[in-house]
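Reader: I'm new to reading structures and I'd like a close look at one part: the strands. Could you walk me through how they line up with one another?

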Amino acid sequence: MSFNHEISSDQGPLLYRDLADWYPLLTPVGDYAEEAAFYRHLFETHCRRSPRTLLDLGSGGGHNAAYLKATLACTLVDLAPAMLSLSSRLNPDCEHVQGDMRSIRLGRVFDCVLLHDAVSYMASRTDLARAIATAFEHTAPGGVAMFQPDFVSETFAPGTETGGSDGNGRALRYLEWRWVPDSRTDMYVTDMAYLLRDVNGAVEVIHDRHLMGLFPRAVWLELISTAGFDSLVVPFEHSSYSDTGHEVFLGRRPVADGRA
Ligand SMILES: C[S@@+](CC[C@H](N)C(=O)[O-])C[C@H]1O[C@@H](n2cnc3c(N)ncnc32)[C@H](O)[C@@H]1O
């Protein structure tokens with residue numbers, strides 16, 4: 001089978017536009033406490049300056065920021081206005097900026113830069129390199145950037161998952177189906193089916209396609225190094241993901257690298 005891009009949406013997933021208000025039922029903020037604590041620990045361990053500021057590129061619902069903001073002044077960047085508005089309600093104390101992680105330039109640097117699962121939307125090597133360059137431009141000397149793709153080539157497996165939750169009289173359940181088109185090695189498709197139940201009990205079924213990048217570990221490390229960082233990979237430690245081989249990439253900006 002060859003993969004036809006025309007069947008995907010040019011405007012990106014519905015989840016981040018028309019369905020943004022359902023996002024907290026798909027991935028509740030309470031589920032992020034443990035991983036946010038892990039990221040905080042990584043930042044504190046690898047940042048060679050006192051970590052006080054954080055830039056989150058592709059901040060989505062702001063679910064990591066909801067925890068990280070306890071010790072870090074957070075600036076949250078996302079492409080989707082509907083997600084920024086969702087996050088603004090959860091994190092009114094954080095700065096929110098609409099922008100593309102491949103091109104935004106805020107003209108200032110941060111102690112810590114986070115590209116969480118949103119970096120998985122970099123569906124070509126060129127886009128990934130641009131997002132990593134954005135991270136470098138915003139990382140202070142001695143600071144650290146963290147990248148967490150959902151998968152690298154070595155850890156990806158096609159498959160399905162289900163989940164969802166209830167809230168305020170509404171409920172969402174989903175089926176997630178990950179697969180690689182025969183014609184591609186550098187991307188995979190996540191087809192999502194959402195069942196949305198409203199307060200009256202009516203249920204709507206919606207299909208939503210997400211196009212994600214898939215790159216070998218060596219490509220990640222090469223692109224992070226090429227951008228100017230010292231690169232390393234560390235295992236993702238989480239009680240729910242103990243045997244999946246998930247990994248986190250770090251880019252440590254040298255204290256003195258001769259770059260502006
Ligand atoms: C799964 S959500 C991120 C959730 C986030 N980690 C959190 O803590 O809530 C993915 C987000 O990536 C954003 N995104 C996708 N491509 C982007 C790009 N090129 N630049 C900025 N944000 C992007 C989407 O709009 C979406 O809000």
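Author: Sure, and one definition gets us going: two strands count as paired if DSSP finds at least two bridges between them. Keep in mind that this is a predicted model. With that in hand, look at β8 and strand β9 (residues 203-213), which run antiparallel and are joined by 11 bridges. To find a spot where they meet, pick out R197, which sits opposite V203 in β9. The two strands, β8 and β9, make a hairpin with five residues between them. In that turn you'll find G201, whose phi is positive, at about 90 degrees.

Now go to the other partner in this story: strand β7 (residues 170-179) pairs with strand β8 (residues 187-197), again in the antiparallel sense, over nine bridges. Here E176 faces M192 in β8.

Next, the open sheet. It has seven strands, ordered β3-β2-β1-β4-β5-β11-β10, and the pairing is mixed. At the edges stand β3 (95-98) and β10 (230-235); each has a single partner strand, so one side of each is left with no neighbour in the sheet. Going from one strand to the next, the twist averages 20 degrees.

Zoom in on one pair inside that order: strand β5 (residues 139-147) and strand β11 (residues 247-252) run antiparallel and are joined by four bridges. If you want a landmark there, find A145, whose bridge partner in β11 is G251.

Conventions: Residues are numbered from 1 along each chain as its sequence is written. This is a predicted model: local features need pLDDT of at least 70, side-chain atom pairs count only at pLDDT 80 or more; totals for chains, interfaces and linings use all residues. Axes are lines fitted to C-alpha atoms, for helices over the stretch in contact, and angles run from 0 to 180 degrees between N-to-C directions.
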